[in-house]
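Please open the model in your viewer and keep the sequence panel visible. The tour below proceeds by selection, stating at each stop what is to be found there.

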Amino acid sequence: MAYQTFQQEYFQIPVVTRAYTTACVLTTAAVQLELITPFQLYFNPDLILKNYQVWRLITNFLFFGPVGFNFLFNMIFLYRYCRMLEEGSFRGRTADFVFMFLFGGLLMTIFGTFVSLVFLGQAFTIMLVYVWSRRNPNVRMNFFGLLNFQAPFLPWVLMGFSLLLGNSIIVDLLGIAVGHVYFFLEDVFPNQPGGGRWLKTPTILKMLFDTPEEDANYNPLPEERPGGFAWGEGQRLGG
C-alpha cells in the first residue's frame with residue numbers, strides 16, 4: 001500500500017521536474033555508493049573538447065555535493081520551484097519549459113567557463129527561483145520565520161544566506177544573471193515598444209513534449225503554498 005501511494009504521488013509530479021530531480025538524487029546516490037566519483041562529473045572544457053567527455057555538459061548540473069544540509073536545502077528548493085513553474089506559468093507548455101532548461105544551461109555553461117565553476121546545479125536552481133519570483137511578484141515570503149518579504153527578493157535572500165554559510169556568491173549571481181536574461185527576453189522585451197520575441201521554442205521540442213490532452217488525474221501544486229517548510233513559505237497579497 002505504501003509503495004503504491006508513493007508511486008502514485010511520484011507520477012503525479014510533472015514530467016520535467018520528475019526527471020530532473022530524480023536524476024539529481026540518483027547521481028548523488030551513485031557518488032555516495034562510490035559507483036562514480038565527482039571527478040567524473042564536473043565541468044571541464046578541456047576534457048569535453050579534447051577527450052570528448054560530452055556527458056560533463058549534463059552531469060555537472062546533477063551533482064549538489066554529498067548528502068547533508070546543503071544537498072537537502074538545494075533539492076527542496078529545486079523540487080519546489082521547478083514544480084511550481086511547471087504547474088504554473090508553464091502549465092501545458094512542457095516544450096517551452098524544456099527550452100528554458102536548454103537556454104539556461106547553455107548560458108551557464110558559457111559563463112561558467114570564464115568563472116571556473118565546476119558544478120552548476122546550484123546556479124540552475126537559483127535561475128528557476130528567480131524566474132518564478134519575477135512572475136509572482138505579489139507573493140509574500142517567509143524565510144525561516146525571521147524575514148518577511150515579497151517574492152522578487154527571494155533570490156537575493158538566498159544569496160545572503162549562502163554568504164552567511166561561507167559559500168561563494170558567484171554561483172548565486174550566475175543563477176540570478178541567467179534567470180534575468182531569460183525573464184527579460186521572454187517576459188519584458190516582447191512587450192516593449194519595438195520589441196519582439198527572440199526566444200522561440202524549436203518545433204521539434206513542441207512535437208516531442210507538447211500534448212493537446214489534459215490528464216484527468218493531474219493534481220497541481222498550489223503556487224500560493226510553496227511549501228510546509230519555514231523557508232520559502234508564501235501567500236498572495238489580498239488572498
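## A guided tour by selection

Begin by selecting L173, which lies in helix α9. Helices here are DSSP runs of H or I with at least four residues, strands are runs of E with at least two, and both are numbered from the N terminus. L173 counts as partly exposed because its relative accessibility is 35%; buried means under 20% relative accessible area, exposed over 50%, and partly exposed in between, with a 1.4 Å probe and protein chains only.

This is a predicted model, in which local features need pLDDT of at least 70 and side-chain atom pairs count only at pLDDT 80 or more, while totals for chains, interfaces and linings use all residues. Residues are numbered from 1 along each chain as its sequence is written, and side-chain values use heavy atoms, with hydrogens and water left out.

**The whole chain**

Colour the chain by secondary structure. The protein chain holds 10 helices and three strands, and from the N terminus its elements follow the order α-α-α-α-α-α-α-β-β-α-α-α-β. Of the 239 residues, 45% are buried.

**The nonpolar patch**

Extend the selection from L173 to L106, I110, F111, F114, V115, F153, W156 and I170; together these residues form a nonpolar surface patch with about 880 Å² of accessible area. The elements that give two or more residues to this patch are α6 and α9 (170–188). Helix α6 gives the most, with five residues. Patch members have over 30% relative accessible area and no salt bridge; nonpolar side chains (Val, Leu, Ile, Met, Phe, Trp, Tyr) are joined within 5 Å, and like charges within 9 Å. The areas come from the Shrake-Rupley method with a 1.4 Å probe, and for residues only the protein chains shown count as cover.

**Helix α6**

Select residues 94–115, helix α6, and place a distance marker between its end C-alpha atoms. They are 31 Å apart, which agrees with the 32 Å that 22 residues should span at 1.5 Å a residue; the expected span is 1.5 Å times one less than the number of residues. After α6 comes S116, whose phi is positive, near 60 degrees.

**Annotated segments**

Next, select residues 57–79, 100–133 and 153–185, where an unreviewed UniProt entry places the feature "transmembrane region". Such positions are given in the numbering used here, feature names are shortened, and annotations may be inferred rather than shown by experiment. Over residues 100–133 the chain is 85% helix and 0% strand, with end C-alpha atoms 15 Å apart. Over residues 153–185 the values are 82% helix and 0% strand, and the end C-alpha atoms are 20 Å apart.

**Aromatic contacts**

Show the Phe, Tyr and Trp side chains: the structure holds 17 aromatic pairs. Rings (the six-membered one for Trp) pair if their centres lie within 6.5 Å; planes under 30 degrees apart count as stacked, over 60 as edge-to-face and the rest as tilted. Which arrangement do the rings of Y20 and F101 adopt? The pair is edge-to-face, because the ring centres are 5.6 Å apart and the planes stand at 85 degrees. Y20 lies in helix α2 (residues 15–32) and F101 in helix α6, so the pair ties together parts 81 residues apart in sequence. Both Y20 and F101 are buried. Add F61, F90, F97 and F124 to see the one aromatic cluster that these residues form with Y20 and F101.

**Salt bridges**

Finally, display the charged side chains. A salt bridge is a side-chain nitrogen of Lys or Arg within 4 Å of a carboxyl oxygen of Asp or Glu, and the count comes to six.

- Select R93 and E186, whose side chains meet in a salt bridge (3.8 Å, N to O). R93 is in the loop between α5 (69–87) and α6, and E186 in helix α9, 93 residues apart. R93 is partly exposed at 26% relative accessibility, whereas E186 is buried at 12%.
- Select D96 and K206, which meet in a salt bridge at 3.5 Å, N to O. This pair links helix α6 to helix α10 (residues 203–209), across 110 residues. D96 is buried, with a relative accessible area of 11%, and K206 is partly exposed, with 36%.
- Select D187 and R135, joined by a salt bridge at 2.8 Å, N to O. D187 belongs to helix α9 and R135 to helix α7 (residues 121–135), 52 residues apart. D187 is partly exposed at 23%, and R135 is buried at 19%.

As a last selection, take R93, D96, E186, R197 and K206, which salt bridges with shared partners join into one network.
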